[in-house]
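Trainee: Could you take me on a close look at one part of this model, the surroundings of a single helix, and then show me how the rest of the chain is put together?

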Amino acid sequence: MLPFTPLQSKPTPRFSHLTSHPYSHPIPSTRRHHHFSVTTPPPNQPRRLAIKAIDAAQPYDYESLVSNQYAQSGRLKIAIVGFGNFGQFLAKAFVRQGHIVFAHSRTDYSNIANSLGVSFFQDPHDLCEQHPDVIVLCTSIISTEPVLKSLPIQRLKRNTLFVDVLSVKEFPKNIFLQVLPSHFDILCTHPMFGPESGKDSWKDLAFVFDKVRIGEGKSRTARVDKFLDIFEKEGCRMVQMTCAEHDRYAAGSQFITHTMGRVLEKLDLETTPINTKGYETLLNLVENTASDSFDLYYGLFMYNKNAMEELERLDLAFEALKKELFGHLHEVLRRQLFGKAEEAGQRRILTKLPKNGYALPAPSSDAIKSQNNN
């Protein structure tokens, strides 16, 4: 009869990797049963009965399941419609933060999408059947309406969040409200930066947003907050304002900036060996604005009702500056030609023209006396 040596009476550990015997062999962790076996010891040593595993840890146990659910709860399924330069620019940040990203565009960007970790769909029906939580329109301003109307929105979840990132805001807001049924949520946004100005970092760059229509329910408000949190985590300066306020401010800043950049581009400015800091700023302005498509600039003018007023004010300001410049030159020439005789007349110079309907102011009594003495 073989000798039998009982196990020592010690508390049984919970996991098998803490109770492994030097003569035992590992058992795959995917089996839950308790395993007993008689190991074969080296010669001249008694055999021992060893417990190889007790309730082995499973890859799909409760702890793993809870951890996986927690990780999934913070992720959004984001579909980008219009996967050009700006769409790819945003996709990098979405993927970097762990979100699931889909893309659709008329041009085949499947290779670029794969390199970024994005699933590309040539057919919009296939895209919508993925049931994304958020659809981000990254099209040009002038193609926003036809692209939105071409989407098979009947294949989407009824509470899908639609987001735009256009440089004008009232226009897409009105289009969304007209085309999308009331059960869809609407968030209008404008990242005040692009692939050039935001290539190094988004820290302290402005991100404007307006929660146009968000349905009731914690899940829908939480989804909006998760999407906005993407830009906040990247360091953006979050600015909440209405679409009308945005367009009023943008006409006086963004449209004027693009206009001046394109005017300078027409001058074909070149770098010189004696560039000043101001001139370097102008060259950078040309580079940042001229690299954008003309459709973007045209959209800033066409679809922002405040842009025409700003363009007229810019034209008047330029004419006023020319008149001031030439008027000053004219006075210098008159003094050179007529000398003190001109000064004695105390000729009056108007700094501003009177308003329409008002007569020119009468000359002062001192000026009249001076003229009579001559």
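Mentor: Happy to. Let's start from one residue and work outwards: setting aside neighbours within four places in sequence, Leu296 is in contact with Ile141, Ser167 and His258. Keep in mind throughout that this is a predicted model. Leu296 sits in helix H10, which covers residues 294–302. With a relative accessible area of 22%, Leu296 is partly exposed, because buried would require a value under 20%. Leu296 also has a partner far off along the chain: Ile142 is 154 residues away in sequence, yet the two C-alpha atoms are 8.5 Å apart in space.

Of the partners of Leu296, His258 leads us to the helix you asked about. His258 is one of the residues through which H8 contacts helix H9, and H9 spans residues 277–290. The axes of H8 and H9 come within 8 Å and cross at roughly 105°. That angle falls between 65 and 115 degrees, so the two helices count as roughly perpendicular to each other. On the H8 side, the contact is formed by Thr257, His258, Met260, Gly261, Arg262, Leu264 and Glu265, while H9 supplies Leu282, Leu285, Val286, Thr289 and Ala290. By residue type, this contact of H8 with H9 has six nonpolar, four polar and two charged members.

H8 itself runs over residues 243–266, and it also packs against helix H11, residues 307–338. Here the angle is about 55°, with the axes 10 Å apart. An angle of this kind lies between the roughly parallel and roughly perpendicular ranges, so H8 and H11 are oblique to each other. The crossing of H8 past H11 is right-handed. Ala251, Gly252, Phe255, Ile256, Thr259 and Met260 of H8 meet Ala307, Glu310, Leu311 and Leu314 of H11. This contact divides into seven nonpolar residues, two polar and one charged. Notice Met260, which takes part in the contact with H11 and also in the contact with H9.

Before we leave H8, look at Tyr249, another residue of this helix. Tyr249 has 51% relative accessibility and therefore counts as exposed, the cut-off being over 50%. Its C-alpha is 9.0 Å from that of Asn306, although the two are 57 residues apart in sequence.

Now for the rest of the chain. The largest nonpolar core has 31 residues, and Phe94, Phe227 and Phe231 have the most contacts inside it. Two or more residues each come from strands E3 (77–81), E4 (100–104), E6 (134–137), E7 (161–164) and E9 (206–213), and from helices H2 (85–96) and H7 (218–233). Phe227 shows how these parts meet: beyond four places in sequence, it touches Leu76, Ile78, Phe94, Val134, Val136, Val163 and Leu187. There is also a second, separate core of 29 residues, and Cys243 and Leu300 are among its members, along with Leu151 and Ile175.

Two loop residues are worth a last look for their backbone. Most residues other than glycine have a negative phi. His131, in the loop between helix H4 (124–128) and E6, instead has a positive phi near 50°. His131 is partly exposed at 36% relative accessibility. Asp204 has a positive phi too, near 70°, and lies in the loop between strand E8 (185–191) and E9. With a relative accessible area of 53%, Asp204 is exposed.

Note on methods:
Residues numbered from 1 in each chain as written. Predicted model: local features only at pLDDT ≥ 70, side-chain atom pairs only at ≥ 80, totals over all residues. Heavy atoms only, no water. Axes fitted to C-alpha atoms, helices over the stretch in contact; angles between N-to-C directions. Helix = DSSP H or I, 4+ residues; strand = E, 2+ residues; numbered from the N terminus. Parallel < 35°, antiparallel > 145°, perpendicular 65-115°, else oblique. Left-handed = near helix turned anticlockwise from the far one by under 90°. Contact = heavy atoms within 4.5 Å. Nonpolar A, V, L, I, M, F, W, Y, C, P; charged D, E, K, R; others polar. Buried < 20%, exposed > 50% of the residue type's maximum accessible area, 1.4 Å probe, protein only. Core = buried A, V, L, I, M, F, W, Y, C linked by side-chain atoms within 4.5 Å.
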